[in-house]
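Got the viewer open? Load the model, switch on residue labels, and we'll go from stop to stop.

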Amino acid sequence: MATDAKRPKDNGASAQNPGEDKTLQSFLSWCKEVRLELSEKVYVSREGTVADYGMLAREEIEEGEVIFSIPRAALLNQHRTAIHSILEKAEEGCAWSPCLSPEEESLKSQSGWVPLLLALMFEYTNSESYWSPYLSLWTDFRALDHPMFWPKEERERLLQGTGVPEAVEKDLANILKEYNDIVLPFIQSHREVLDPQKHTLELYQSLVAFVMAYSFQEPLEEDEEDEKEPNPPMMVPMADILNHVANHNANLEFRTESLKMVSVRRIKKGEEVFNTYGELANWQLLHMYGFVESYPSNTNDSADIQMTTVYKAALQAARTESERSLVVEKWDLLCQLDIVGEERAFVFGQSGSLTDEELYTSLKVLCMPVEQFKEFKENEGWEEAEEDDEDEMAAALSNEGIPKLSLPWRRLLGDSVTLTLQDYADKLQPDKELLGDRQAYGRLSSRERLALQLRYGQKVTLHQLLELTRCHSI
């Protein structure tokens, strides 16, 4: 994981001299036993990496080289655990407790993670586990320091306006419900392998953070994406040691017999090998992985404007009761057409809008004259939608296109940005000054640094967008 606030590292430890770290030595020996093939051009270390364990190039690696190969038998999931048989029976809907209803007998959940988490609970607490050399790399999952482990007051104070506190509250509520409704009854019905005193809610929450930060999900084939549920997460030893940056130099490939980490560009001697966790904004990185990339390193960073904020801005701009009623009517139609939603957001990246169709249609409808809206509503938006070209919408909502929008569109978008900026505890300038003051920045805690980098990146994006709505070009 790449982070501005680097985690403390233990002294020594690398595959060049693994004897200095018995835990790492045990893991590397286990890798050989499971036939995980590691290129001699790389080594695992805690020194010279951006955070905790990482992988470094011992010598130059050319583009397209296989850095390591993991046989599928070495992947940890619900089918490769000592308790796989009872998990598979539960997944199939077989009765595992005569006291429970058919709905309660299933391990299905909103997250889809329960089978893997149960497998991890058992394996992590079993000293004789086949996976022990791998799982022993993490002595304390709370060291991941996800915002879910921060005190609520600190989380809300440091991350107000970023979207992270709201996401964490949903996570914590879902974790509690999932554990009490599904996991705990399952544990109580299988006391021969699981123990409610050992496999607690606290451990479950810690393992959720572990799966968030380190698991992988095999992508579906293109022709399966509309028909099948996403594949469940799995743990991929060695691949999860690699840290992330947006400008990564390696990528995990899913093949029939194995998974391979392949270089996507030349990697110099001494350079760290970075994987990618996806095109993720800093708020997503902090929420799910516990780190951020320093501004402006994350080329995938973005800022959100809640869809309801645009609705609020439109209502505030209405001057009469009839105009307010019209805004409400327009918003209701946008909701019915599934263009907008109460918990959805318009997303803006470095080059403009990343939710073109939704934003374009919303601005168009909310700014429509009465007669045009009546016609739009009668047609349920179909004729208008057919006229709007995707490329034209993207161009109109790019950084180059926004100044060319009509005044009502720019005014509504600008008012929405202003309302969004009011959600943050402080303005942009204090954050900018703090980032520029090395001594003051150095005195911040790791959490304060993470929050500052996150907030600043979002505010810069929003201020740039606000400026674009205030200028007009033809």
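A disulfide here is a pair of cysteine sulfur atoms within 2.5 Å. With that cut-off, a search of the whole structure turns up zero disulfides. Before you start clicking: this is a predicted model, where local features need pLDDT of at least 70 and side-chain atom pairs count only at pLDDT 80 or more, while totals for chains, interfaces and linings use all residues. Residues are numbered from 1 along each chain as its sequence is written, and side-chain values use heavy atoms, with hydrogens and water left out.

**Stop 1: two cysteines**

Select cysteine 367 and look for a partner. The closest cysteine sulfur belongs to cysteine 335 and is 16 Å away, so it is too far for a bond. Is cysteine 31 buried or exposed? It is buried, at 3% relative accessible area, whereas cysteine 367 is partly exposed at 23%. (Buried means under 20% relative accessible area, exposed over 50%, and partly exposed in between, using a 1.4 Å probe and protein chains only.)

**Stop 2: strands 1 to 3**

Next, pick serine 39, in the loop between strand 1 (37-38) and strand 2 (42-45). Helices (H or I, at least four residues) and strands (E, at least two) are DSSP runs, numbered from the N terminus. The serine 39 side chain reaches the backbone nitrogen of lysine 41 at 3.0 Å. That's a polar contact: a pair of N or O atoms within 3.5 Å, where within protein one must be able to donate a hydrogen and the other to accept it, and residues adjacent in sequence count only if both atoms are side-chain atoms. Leaving out residues up to four places away in sequence, serine 39 also touches Val66 and Ile67; contact means heavy atoms within 4.5 Å.

Move on to serine 45, in strand 2. This residue is buried at 2% relative accessibility, and its side chain reaches the backbone nitrogen of glutamate 47 at 2.8 Å. Now add isoleucine 241 to the selection: it is 196 residues from serine 45 along the chain, yet their C-alpha atoms are separated by 9.6 Å.

Between strand 2 and strand 3, click on aspartate 52 in the loop. Its phi is near 50°, a positive value in a residue other than glycine. Aspartate 52 is buried, with a relative accessible area of 16%.

Then comes methionine 55, in strand 3 (residues 54-57). How accessible is methionine 55? Its relative accessibility is 0%, so it counts as buried. Show what surrounds methionine 55: beyond four places in sequence, its contacts include Leu38, Val44, Ile67, Phe68, Met238, Leu242 and Val273. Glutamate 271 is another of its contacts; the C-alpha atoms of methionine 55 and glutamate 271 are 8.7 Å apart, with the two positions 216 residues apart along the chain.

**Stop 3: one face of helix 2**

Select residues 84-91, which make up helix 2, and colour Ile86, Leu87 and Ala90, which are buried. Look down the axis: the buried residues of helix 2 fall within an arc of 100°, so they line one face of the helix. The arc is that of the directions from the helix axis to the C-beta atoms. An α-helix has 3.6 residues a turn, so residues three or four places apart point the same way.

**Stop 4: helix 6 against helix 19**

Start just ahead of helix 6, at aspartate 145 in the loop between helix 5 (132-135) and helix 6. Aspartate 145 has a positive phi of about 55° although it is not a glycine, and it is buried at 16% relative accessible area.

Now show helix 6 (residues 152-159) with helix 19 (residues 446-470): their axes come within 9 Å and cross at roughly 35°. Axes are lines fitted to C-alpha atoms, for helices over the stretch in contact, and angles run from 0 to 180 degrees between N-to-C directions. Which residues meet? Glu154, Leu158 and Leu159 in helix 6 meet Arg447, Glu448, Ala451, Leu454 and Arg455 in helix 19. The residues of this contact divide into four nonpolar, no polar and four charged. (Ala, Val, Leu, Ile, Met, Phe, Trp, Tyr, Cys and Pro count as nonpolar, Asp, Glu, Lys and Arg as charged, and the others, Gly among them, as polar.)

**Last stop: a cis proline**

Finish at proline 296, in the loop between helix 9 (282-289) and strand 11 (303-306). Zoom in on the peptide bond from tyrosine 295 to proline 296: it is cis, with omega near 5°.
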